[in-house]
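Student: I should like a close look at one part of this structure, namely its salt bridges. Please treat the charged pairs in detail and then place them beside other features of the chain.

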Amino acid sequence: MLIKNGNVIVFENNDVKVKKLDIRIKDNEISEISKKLLENPNEKVIDATNKVVMPGLINTHAHIAMSIFRGTFEGSDLYTWLSQKIWPIEDKLTGDEVYNATNLSILEMISTGTTCVNDHYFFSERIREALEKSKMRAMITRVLMDSDGEKASENRINEFIKLYETRDKNNDLITYSVAPHGLYTCTGKILEKARMLATKYNLPIHVHFLESIDEIESIKKLHGDIAVNVLKKYFDGLHVILAHGVKLADSDIEVLKTLDCGISHNPISNLRLGCKIADTTKYLEEGLNVALGTDGQGSGNNLDMFETMKIAGLIQGGIHENEKRISAKDVIKMATINGAKLLGLDDKIGSIEKGKKADIIIVDISKTLDNIKLLPNVDIISNLVYNTEGRNVDTTIINGEILMENRIVRVIDTKEVLKKF
Ligand SMILES: [Zn+2]
């Protein structure tokens with residue numbers, strides 16, 4: 001496949017640039033990037049004139065089956081919402097419901113430019129079934145917790161082991177994490193078990209971490225220590241994906257710097273649930289890796305990573321009263337290469353580079369009524385972050401395969417998914 005005449009987003013020496021380049025994809029990899037590549041006979045050619053060609057967006061924290069909970073949160077707080085609304089309903093969910101809700105989210109992601117998602121849920125074999133059919137790239141898990149007793153906890157561990165042991169070893173689109181729900185919902189016993197599983201299978205840990213103020217005290221009560229020390233006690237030496245990290249004191253950042261971890265920043269969910277604003281400007285300055293996530297649609301509204309990029313950039317102005325805060329270029333990296341690093345996949349995805357897997361999206365910036373917000377398009381990068389929406393994505397390619405072209409999703413039946421949902 002050849003993608004011609006596009007405005008390509010490339011990363012060079014920590015900078016983000018827009019260059020007129022052609023990209024050749026052979027099998028599932030980017031094989032050539034150059035000015036004016038010649039067309040080979042029988043090659044699929046995509047003309048990207050008046051389009052931006054960029055790395056696919058990486059959503060580093062979501063609960064994709066939670067599309068079913070969109071619109072359930074209003075005027076509550078995180079713990080009340082979880083304990084009184086979400087958890088009781090989740091207890092009654094069926095595998096088929098999770099499957100159909102997952103398919104809706106897959107459609108939402110493919111059509112808004114997300115090419116890889118890090119999921120955190122249960123009925124994970126049904127989630128995997130939907131992901132494999134649609135050819136999405138994803139990291140999945142079976143969430144662990146033991147706040148509701150020993151028996152339930154054992155079942156979850158067994159479900160995780162079964163999920164991992166029954167994986168298709170030839171399918172490298174699907175990777176796995178070990179996921180204790182949070183340090184406030186998991187005792188030392190299950191955290192120790194999570195450490196053993198992650199070590200045995202060589203997998204990262206994916207855990208909710210310091211999302212809200214109540215969590216700080218709950219963790220102290222349950223573990224007799226502060227969150228970063230609990231994290232260090234159980235997960236030192238493992239790669240850890242921390243979802244949220246809103247409530248980090250300066251002393252917490254110092255501890256995190258000694259661990260192999262990074263932050264999945266979920267700005268819309270944090271704002272929606274009233275969890276305040278994570279100081280991502282400071283985290284990045286301190287050398288922590290920060291990537292972006294949407295969280296589930298119940299708290300995060302939707303899976304449109306362009307919306308998340310815009311809010312992630314804007315809200316730093318709410319806590320930093322000067323220009324010394326993250327730039328649009330930082331935000332583009334947070335949504336792509338930083339996400340790949342956070343998932344431990346940066347040797348494969350996250351940037352448009354020769355030898356990487358072809359996870360690429362093409363965004364329409366032509367002079368049309370739909371794109372009137374972009375005019376005059378003097379700064380493509382700024383416009384991508386602040387004036388582009390998921391629906392401006394016209395083509396989504398994952399692992400060298402076209403999942404959506406000219407906004408027609410090819411891999412799953414849109415009408416059927418909407419009907420079943
Ligand atoms: Zn979450």
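Tutor: What follows takes the salt bridges in turn, and then the cysteines and two helices. The model is a predicted one.

Side chains of opposite charge can pair when their charged atoms come close. With a cut-off of 4 Å between a side-chain nitrogen of Lys or Arg and a carboxyl oxygen of Asp or Glu, the count comes to 31 salt bridges. One of them joins Glu108 and Arg70, with an N to O distance of 3.0 Å. This pair links distant parts of the chain, 38 residues apart: Glu108 belongs to helix α2 (residues 95-112), while Arg70 sits in the loop between β6 (57-62) and α1 (78-90). Glu108 counts as buried because its relative accessibility is 15%, whereas Arg70, at 35%, counts as partly exposed.

A second pair is formed by the side chains of Glu353 and Lys356, at 3.5 Å from N to O. Here the acidic partner, Glu353, is partly exposed at 41% relative accessibility, and Lys356 is buried, with a relative accessible area of 7%. In a further salt bridge, Glu405 meets Arg410 at 2.3 Å, N to O. Glu405 is buried at 14% relative accessibility, while Arg410 is partly exposed at 46%. Salt bridges with shared partners also join Asp96, Arg126, Glu129 and Lys133 into one network.

The cysteines give another result: a search of the whole structure finds zero disulfides. The sulfur of Cys116 lies 19 Å from the closest cysteine sulfur, that of Cys261, and is therefore too far away for a bond. Cys186 is likewise in no disulfide, its nearest cysteine sulfur, in Cys261, being 17 Å away. Cys116 is buried, with a relative accessible area of 1%, and Cys186 is buried at 0%.

Two helices complete the picture. In α12 (residues 305-314), the buried residues are Met305, Phe306, Thr308, Met309, Ala312 and Gly313. Viewed down the axis of α12, they fall within an arc of 160 degrees, so they line one face of the helix. At the start of α12, a side-chain oxygen of Asp304 comes within 2.9 Å of the backbone nitrogen of Phe306. Helix α13 (residues 328-335) is mostly covered, with six of its eight residues buried; among them are Val331, Ile332 and Lys333.

Methods: Residues are numbered from 1 along each chain as its sequence is written. This is a predicted model: local features need pLDDT of at least 70, side-chain atom pairs count only at pLDDT 80 or more; totals for chains, interfaces and linings use all residues. Side-chain values use heavy atoms; hydrogens and water are left out. Buried means under 20% relative accessible area, exposed over 50%, partly exposed in between (1.4 Å probe, protein chains only). Helices (H or I, at least four residues) and strands (E, at least two) are DSSP runs, numbered from the N terminus. The arc is that of the directions from the helix axis to the C-beta atoms. A polar contact is a pair of N or O atoms within 3.5 Å; within protein, one must be able to donate a hydrogen and the other to accept it, and residues adjacent in sequence count only if both atoms are side-chain atoms. A disulfide is a pair of cysteine sulfur atoms within 2.5 Å.
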